[in-house]
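Reader: I'm new to reading protein models. Could you walk me through the charged side chains in this one?

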Amino acid sequence: MKGKLISVVTNCVLVVIVLAVSFVGFFGGKAVAVSNKNPNLYYCAENGSGVSLMFNVYEHTENVLKILDILDEYESKSTFFIGGSWADDNVDCVREIYGRGHEIASHGYFHKDHSRMTVEKNLEEIRPSVKLLNMICNYNVTLFAPPSGAFCEATLNACISLGLKVIMWSRDTIDWRDKDAGVIYSRATENLGKGEFVLMHPTDCTVTALPKILTYIRDNGLSAVTVSQNLGE
């Protein structure tokens with residue numbers, strides 16, 4: 001357990017060093033200039049109390065419902081980063097997610113590339129999704145995850161003006177591309193420790209892998225908590 005904690009802390013420190021030295025955020029094989037002075041950008045929770053499974057949702061409503069049932073079975077909580085266009089077509093499901101005690105967050109409205117947008121264009125894409133989610137759940141959304149991890153300084157500044165923290169991840173299961181549940185499980189759990197943000201999607205392979213992932217979390221003295229809980233909020 002000590003070794004896992006050291007690994008997580010080391011990863012968090014490396015993220016900070018990379019940002020401080022290079023002023024560059026990497027994602028999707030390209031680089032975008034990003035200031036290290038922005039306090040609203042998180043890759044993990046350095047003093048986190050648990051593990052945050054983050055589900056980015058733009059499709060597969062039936063799998064979202066299956067995931068909710070599995071999370072209930074393991075008495076676990078998660079953060080769902082929801083696309084506005086999907087939420088508009090799945091209001092009841094959004095309310096079901098929130099009603100079961102999970103955190104609702106924004107994933108933009110139309111899954112666009114935020115790294116190529118001005119502050120104004122970022123606001124035009126993010127603000128409507130936040131307003132919609134707030135209205136559906138009567139809840140104040142405070143987190144935003146950029147689709148495909150694509151963001152720039154304008155994205156960060158837009159989120160500051162909206163009162164949103166920008167959330168990335170400490171590990172990516174790449175479940176949208178790779179369909180092997182065993183591979184998804186390994187990516188989610190290898191040397192997993194407190195404070196980590198694990199990126200997932202409501203795919204068939206994730207539904208298959210999720211019970212085993214949650215069993216690993218439980219059996220290793222960890223807990224699955226929302227991103228905000230992990231950040232101590």
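Reader: Which residues are linked in a network of salt bridges?

Author: Happy to help, and keep in mind that this is a predicted model. A salt bridge here needs a side-chain nitrogen of Lys or Arg within 4 Å of a carboxyl oxygen of Asp or Glu. The network is made up of Asp69, Asp72, Glu96 and Arg100.

Reader: How many residues apart are Arg100 and Asp72?

Author: The side chains of these two form a salt bridge, with N to O at 2.8 Å. Arg100 sits in the loop between helix 4 (91–99) and strand 6 (103–106), while Asp72 belongs to helix 2 (residues 61–73). The pair therefore links distant parts of the chain, and the separation is 28 residues.

Reader: Is Asp113 or its partner Arg116 partly exposed?

Author: These two residues share a salt bridge, and their closest N and O atoms are 3.0 Å apart. Over 50% relative accessible area means exposed, and between 20% and that value means partly exposed. Arg116 has 67%, so this residue counts as exposed. With a relative accessible area of 26%, the partly exposed one is Asp113.

Reader: What is the N to O distance in the salt bridge of Arg187 and Asp178?

Author: Arg187 is partly exposed, at 25% relative accessible area. Its side chain meets that of Asp178 in a salt bridge. The N to O distance there is 2.7 Å.

Reader: How many salt bridges does the count come to?

Author: We have met several of them, including Arg100 with Asp72 and Asp113 with Arg116. Applying the 4 Å cut-off, the count comes to ten.

Definitions and conventions:
Residues are numbered from 1 along each chain as its sequence is written. This is a predicted model: local features need pLDDT of at least 70, side-chain atom pairs count only at pLDDT 80 or more; totals for chains, interfaces and linings use all residues. Side-chain values use heavy atoms; hydrogens and water are left out. Helices (H or I, at least four residues) and strands (E, at least two) are DSSP runs, numbered from the N terminus. Buried means under 20% relative accessible area, exposed over 50%, partly exposed in between (1.4 Å probe, protein chains only).
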